[in-house]
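Student: I should like to go through this model and ask how each description of it is justified.

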Amino acid sequence: MVITRGFSGRGRPAGQYSGRVPPGQHLVSDFPVLTAGPTPRTHLEHWSLSLRDAERDLTVLSWADFEALPQSEMTTDIHCVTKWTKLDTVWRGVTVDDLLKGAGLTNPPGRFVTAECDGGYTTNLPVADLIDGKAMVATHFGGDPLTPAHGGPARLLVPHLYFWKSAKWVRGLHFCDRDHPGFWESLGYHVYGDPWREQRYTGDA
Amino acid sequence: MTSAALLPLRWRTATVIARRPETPHVATLVLDVPGWPGHKAGQHVDLRLTAADGYEAQRSYSIASANDGTAVAITVERVADGEVSPFLLDDVRVSDDLELRGPIGGYFVWSLEDGNPLLLIAGGSGVAPMMSILRARAQALKPPAARLLYSSRDQASIIYRDELDGMTAATDGPRILYTLTRERPVVWSGALGRVDRVMLERIGFPPTDDPLAYVCGPTPFVEQVAADLVALGYAEERIRTERFGPTGAN
Ligand SMILES: Cc1cc2nc3c(=O)[nH]c(=O)nc-3n(C[C@H](O)[C@H](O)[C@H](O)COP(=O)(O)OP(=O)(O)OC[C@H]3O[C@@H](n4cnc5c(N)ncnc54)[C@H](O)[C@@H]3O)c2cc1C
């Protein structure tokens with residue numbers, strides 16, 4: 001450990017929250033944005049969400065189809081690899097469990113998922129991290145429709161991983177049996193991204 | 001996609017070898033990083049500060065220097081109530097050690113092979129990675145055409161002013177348009193007000209030239225500029241953005 005001369009730091013989270021802030025993170029009250037390029041804007045009438053496996057579309061949902069699925073609410077902390085953590089964010093959407101059920105699937109059709117998004121962004125996740133209520137495709141934040149800058153109309157929400165995994169503008173979940181590194185993962189970011197183990201970059205334990 | 005970006009990153013101890021005030025609220029720190037593997041223009045480092053009781057704070061800073069041996073420059077702007085930036089500006093001295101790792105980032109990067117005309121649009125300290133790009137470009141024998149549109153609060157807040165003006169004066173130098181959002185000088189050849197489509201058309205390239213655009217600054221600035229570029233006909237996949245900071249309330 002290298003002590004920084006003169007640095008005492010004042011960002012220690014108030015005691016009650018300290019157990020909720022992963023190492024290297026600090027609390028914010030606003031909601032920063034991190035995106036590689038311009039913000040895509042998709043009109044709802046052109047929006048669809050597909051679930052695919054290696055061969056075919058398992059289901060393609062229009063906005064109306066999506067809205068007709070059971071809606072769930074999730075209150076959760078989120079952690080961005082650029083070092084901010086935001087507590088108690090409130091989301092609404094459809095859990096991946098309900099998406100699979102809606103497509104008539106009892107088991108996920110693969111061990112990994114590549115989330116595919118408007119603008120060409122992709123991210124990879126183990127299916128185990130998406131099911132059993134761990135993740136949703138979210139359309140509302142804090143009670144309001146998700147703004148385009150934050151991934152609207154719909155983004156993936158996988159709050160227990162660094163937030164780049166919660167892909168904005170999601171349009172497809174592609175199930176497969178091998179893990180294919182996505183956009184940031186091919187550019188040096190960690191393939192899994194657990195904030196509690198500080199898995200920021202390739203090679204972090 | 002460089003393979004270098006996929007090597008594990010480890011924390012290194014760097015030594016501050018120079019400290020240069022740039023504006024009343026901005027300073028550059030030049031760090032000597034033994035074993036530095038080199039970087040591409042546009043990449044950043046993560047700094048880690050550690051208090052005596054083990055408390056750590058990490059922040060990202062863009063590399064402002066071109067690839068230059070083991071010297072790495074960062075340019076820090078004061079966030080008034082910030083934890084790390086005031087410390088870096090007020091308390092860090094030459095010969096202090098700081099921990100960092102990098103280079104990080106494989107998308108908001110530029111190298112000569114990217115070719116094509118280069119349009120850089122910066123707000124405030126978002127000029128730091130642009131400076132790395134312009135410095136790298138200045139080392140090239142046949143650099144691509146480049147233009148910089150750079151928004152500052154007032155004249156006193158323009159970072160790297162002398163060096164930028166020097167670059168413009170050089171053969172093959174970039175064309176630069178400054179704009180000021182909070183000052184209207186009596187004598188001023190730049191633009192006034194926030195970056196808008198008129199300014200982008202004045203300094204930019206026609207989209208048919210297939211320009212490569214880099215936009216960096218505060219989040220609302222980047223959102224607006226990137227949307228304007230798309231509206232002007234720039235290809236989305238040729239617009240690379242880096243957002244430095246929070247959005248304000250949302
Ligand atoms: C990839 C990347 C590259 C960056 N490069 C640079 C760089 O080259 N130069 C540079 O100066 N900064 C850069 N930043 C921002 C930097 O990482 C810090 O966020 C910044 O220095 C503020 O840290 P702080 O500890 O002083 O403030 P904090 O203690 O983190 O924040 C204090 C308060 O200020 C607000 N705040 C935080 N950051 C900003 C900001 N950037 N602008 C306005 N308000 C803010 C917070 O919401 C909070 O209310 C970069 C960020 C990223 C993600």
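Student: Which element gives the most to the shell around the ligand?

Tutor: This is a predicted model. Its strand β4(B) gives the most to that shell, with four residues. The elements of chain B that give two or more residues are β4 (56-62), β5 (71-77) and α1 (85-90).

Student: How many residues surround the ligand, and which are the closest?

Tutor: There are 24 residues around the ligand, and the closest are Ser60(B), Tyr61(B), Glu83(B), Val84(B) and Ser85(B). The ligand itself lies between chains A and B.

Student: What makes the pairing of the ligand with Ser60(B) a polar contact?

Tutor: An oxygen atom of the ligand is 2.6 Å from a polar backbone atom of Ser60(B). The cut-off for a pair of N or O atoms is 3.5 Å, so this pair qualifies. Nitrogen atoms of the ligand meet the cut-off as well, at 3.1 Å from a polar backbone atom of Ser62(B) and at 2.9 Å from one of Thr75(B).

Student: How much of the ligand does the protein bury?

Tutor: Taken alone, the ligand exposes 900 Å², and the protein buries 79% of that.

Student: Why is the length of α2(B) said to agree with that of a helix?

Tutor: At 1.5 Å a residue, its 12 residues (127-138) should span 16 Å, and the end C-alpha atoms are 16 Å apart, so the two values agree.

Student: What makes α2(B) mostly covered?

Tutor: Buried means under 20% relative accessible area, and 10 of the 12 residues of α2(B) are buried. Among them are Val127(B), Met130(B), Leu134(B) and Arg137(B).

Notes. Residues numbered from 1 in each chain as written. Chains lettered and ligands numbered in written order. Predicted model: local features only at pLDDT ≥ 70, side-chain atom pairs only at ≥ 80, totals over all residues. Heavy atoms only, no water. Near = heavy atom within 4 Å. Polar contact = N/O pair within 3.5 Å; in protein donor to acceptor, adjacent residues only side chain to side chain. Areas by Shrake-Rupley, 256 points an atom, 1.4 Å probe, with all protein chains shown as cover. Expected span 1.5 Å × (residues − 1). Buried < 20%, exposed > 50% of the residue type's maximum accessible area, 1.4 Å probe, protein only.
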